[in-house]
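Colleague: Before I plan anything at the bench, could we go through the buried parts of this model together, one question at a time?

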Amino acid sequence: MFCSKCGSPIEEGARFCTACGAPVEEVQPAPVQPEAVQQPAQPEVAQPAAPVQPAASAESVAPVQPAVPKQKTPGNINIKKIAIIAGSAVGGLVLLLLLFCVIIPKLTYKKENAILYKSDNILYYLKDINKPQKAIEIDRLSMDDYVPNNAFTEDGKYIYFFTDYDESNDTSTLCRVKVSKLKKNKSNKQYIEEVAKDVRYFEFVKDDVFYLDDNGKLVMEKKGKSITVAKEVSDFCVSEDDNTVYYYTGNGDYEAADAEIGYIDSSANKKVVIEDDIDNVYTLTKSGMFIFKKNIEEDEETGRTVFDLYIANKKQVKKLAENVSEIIDYNAKTGVVYYDYYSRDLKHYTDYISFPDGLAELKEPTKADAFVEVSEADVLDEVFDDSIDAEEKQEFYDDLDYDEDLGYYYADSWWYDYEFYYDDASGKWYKVDDDKLSELWDNYYDNESVAYTAESYQEMEYTIDKYKVCLAGFENDETVLCDSVKNVTGDADSGIIFYNIIPEEWDKINYASLGDASAYDKIDEIYSDKKLYYQIADGEPQEFDAEADSIYVEAVDGDKVAISTVSEEEKEFYYAEISGDSFSRFELLDEGYESIGGTFKSGNLFYISFENDEEGTLYKYDGNKSEEVLSDVDGMVAVTNQQEYVYSSKGDLELYNKKGEKKDEIRDVDDYIYIKRDKILYKSDDELYLYKNAKKQKLISTDVDDYVSYARQYELTDIDDYLY
């Protein structure tokens with residue numbers, strides 16, 4: 001006989017099908033010919049004709065056994081098996097499609113729409129900001145508990161946050177919760193997992209979490225397991241590719257810190273020590289570039305701290321220079337470092353300066369130096385209203401006080417406003433000329449400054465500080481940019497350094513006597529020289545076409561540079577273009593401003609000029625002219641990738657297009673987070689709102705604390721630069 005379920009042959013007396021396991025009693029029908037399998041209607045007709053027949057059994061089907069060999073056709077059996085397998089496969093595919101198309105999307109969250117926020121110190125998770133009524137309470141936090149902006153893992157399965165903030169150590173307890181376990185209108189505190197205590201901060205590497213605790217342990221949290229990857233760590237950062245964690249160690253001492261630098265490849269679970277026995281790590285960049293120092297010591301000649309300068313990344317460690325005194329600037333992309341050597345020319349003043357004579361004779365002026373002679377009659381008339389006799393006059397002289405410092409007797413009265421001095425030897429009276437005394441003091445201060453400066457040079461053998469400025473990098477050997485300069489300012493991104501030179505005529509200074517005003521002028525000249533020079537990369541020195549005490553590179557875009565200068569009270573803002581090793585264009589854009597900030601966007605220079613502490617104006621310079629974009633700017637301005645503007649002014653959020661035309665306005669804005677184009681989360685009176693596509697604002701929550709977090713991995717902002 002055959003199994004009616006799978007078609008396989010069944011031996012006589014068997015109770016189960018050896019192929020599919022189906023019970024024989026359940027699958028064997030009343031005695032019928034094999035054709036009945038192909039005619040399902042026949043068994044239904046046969047059953048009413050014999051209602052008293054017992055249920056089918058193995059014995060009842062015995063007479064049809066001889067027909068088994070005739071019915072065992074391999075073709076029939078294979079077709080049924082193929083049909084069954086094919087049916088199962090199709091069913092599996094349907095289930096998979098259902099799983100991927102229906103079930104999985106419901107289990108995952110839309111990262112671009114998910115946020116966290118605190119309301120009345122309760123942390124809420126909102127899967128979709130378009131459905132604010134579905135916010136889920138996670139747990140109550142204290143006011144000081146910190147929930148960072150990057151609180152979501154990349155896969156969206158976990159949320160990490162801090163609790164139990166310890167103000168004395170500036171650490172917290174790191175916690176996490178699985179998103180799929182969160183339930184609305186229920187307590188979710190039971191689902192919160194404590195990851196570690198005394199944590200300083202953490203960062204994500206895809207779905208792994210790296211955190212640094214108060215003991216300096218750098219720990220990797222991977223699939224629920226905590227692995228200590230480094231100890232005595234001072235700092236760490238995640239690389240721009242979100243796959244590598246760079247770190248450096250140290251015991252906290254500036255010198256001889258015995259630090260190491262290294263990285264962890266999270267994908268390969270591999271730790272690599274790049275270099276150890278480092279004195280001090282100067283910086284660590286997101287691109288994975290280390291600048292560090294070795295052999296820190298004090299230079300005996302200058303008293304300055306000097307060190308050997310190194311640069312390193314994953315691939316190499318390079319020694320840039322020895323006995324460096326200062327790191328000026330660096331470029332994280334090109335790996336170029338600007339630095340200088342410091343020296344003093346101790347012979348400069350001792351060889352060429354003859355110091356003023358009579359320094360020891362310089363004295364503070366006294367009242368006696370401003371005396372003017374007066375008559376006795378004038379004194380007595382001032383002291384006494386009426387005439388006096390000889391006895392009263394003698395009594396007046398007997399009562400005079402004596403000034404030991406001046407060596408004169410005196411009579412004064414603050415009430416009647418008089419002051420007279422008497423010289424007993426000559427019998428003359430004097431009063432003080434206040435104007436003359438003031439002039440004497442002014443002259444003294446001038447001379448004192450000259451005397452002090454000259455005397456300091458003489459005692460200290462002090463001379464001009466000199467700097468030799470250099471650059472070097474991964475692809476560059478040491479290049480001296482300029483020698484024997486002072487007041488160096490460098491910007492490695494633009495490749496420019498600015499400095500004051502040491503004029504040759506300073507070697508010829510010959511100071512005159514103490515009272516010669518030119519002596520003071522000469523000394524002052526050393527410190528107030530405003531002649532500036534610049535060099536671009538390793539080009540020739542160029543005279544800077546503006547006088548300035550201070551100079552700053554505000555923004556850089558390839559060969560375009562924005563520069564601000566300060567000279568005493570004068571402030572100027574310039575646009576420059578670099579051609580080779582000099583400025584091919586140099587234009588004054590603004591002057592007399594209170595403060596300024598600039599950024600380049602798509603070749604245009606945007607800058608805000610604040611005329612006072614309260615209001616400024618946003619300008620756009622296209623290389624030919626400046627045009628006003630926004631006026632009365634008193635808050636933060638954001639320039640988006642589409643060159644549109646978002647700024648908060650006087651509590652209102654205003655949106656402008658490329659032409660500076662207002663598109664919309666949101667009133668009473670306390671704070672905002674720009675997520676993507678035409679979608680803004682903002683707070684107003686401690687309420688959180690969503691603005692979307694110029695449509696009506698949607699209330700997300702009331703009583704929101706000063707915090708909103710969204711998934712960081714998707715770079716949900718169009719804003720690259722902020723101007724203030």
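**A buried acid and the nonpolar cores**

Modeller: In this predicted model, Asp 265 is buried but has no salt bridge, the nearest side chain of opposite charge being that of Lys 270, 5.1 Å away.

Colleague: Why does Lys 270 not count as a salt-bridge partner of Asp 265?

Modeller: A salt bridge requires a side-chain nitrogen of Lys or Arg within 4 Å of a carboxyl oxygen of Asp or Glu. Asp 265, which lies in strand β12 (residues 259–265), does touch Lys 270, as well as Asn 243, when residues up to four places away in sequence are set aside. The nearest side chain of opposite charge, however, is at a distance of 5.1 Å.

Colleague: Which strands each supply at least two residues of the largest nonpolar core?

Modeller: That core has 17 residues, of which Leu 116, Tyr 125, Ile 138, Ile 159 and Phe 161 touch the most other members. At least two residues of this core come from each of β2 (122–126), β3 (136–140), β4 (158–166) and β5 (171–178).

Colleague: How many residues are in the second, separate core?

Modeller: Nonpolar side chains in soluble globular proteins tend to be buried together. Here the second core stands separate and includes Ile 291, Ile 327, Val 337 and Tyr 339, and its residues number 16.

Colleague: How many disulfides are there?

Modeller: Cys 175 is buried, with a relative accessible area of 6%, and Cys 237 also counts as buried, at 9% relative accessibility. A disulfide needs a pair of cysteine sulfur atoms within 2.5 Å, and by this rule the count of disulfides is zero.

Notes:
Residues are numbered from 1 along each chain as its sequence is written. This is a predicted model: local features need pLDDT of at least 70, side-chain atom pairs count only at pLDDT 80 or more; totals for chains, interfaces and linings use all residues. Side-chain values use heavy atoms; hydrogens and water are left out. A nonpolar core is a set of buried Ala, Val, Leu, Ile, Met, Phe, Trp, Tyr and Cys residues joined through side-chain atoms within 4.5 Å. Buried means under 20% relative accessible area, exposed over 50%, partly exposed in between (1.4 Å probe, protein chains only). Helices (H or I, at least four residues) and strands (E, at least two) are DSSP runs, numbered from the N terminus. Lys and Arg count as positive and Asp and Glu as negative; His and the chain ends are not counted. Contact means heavy atoms within 4.5 Å.
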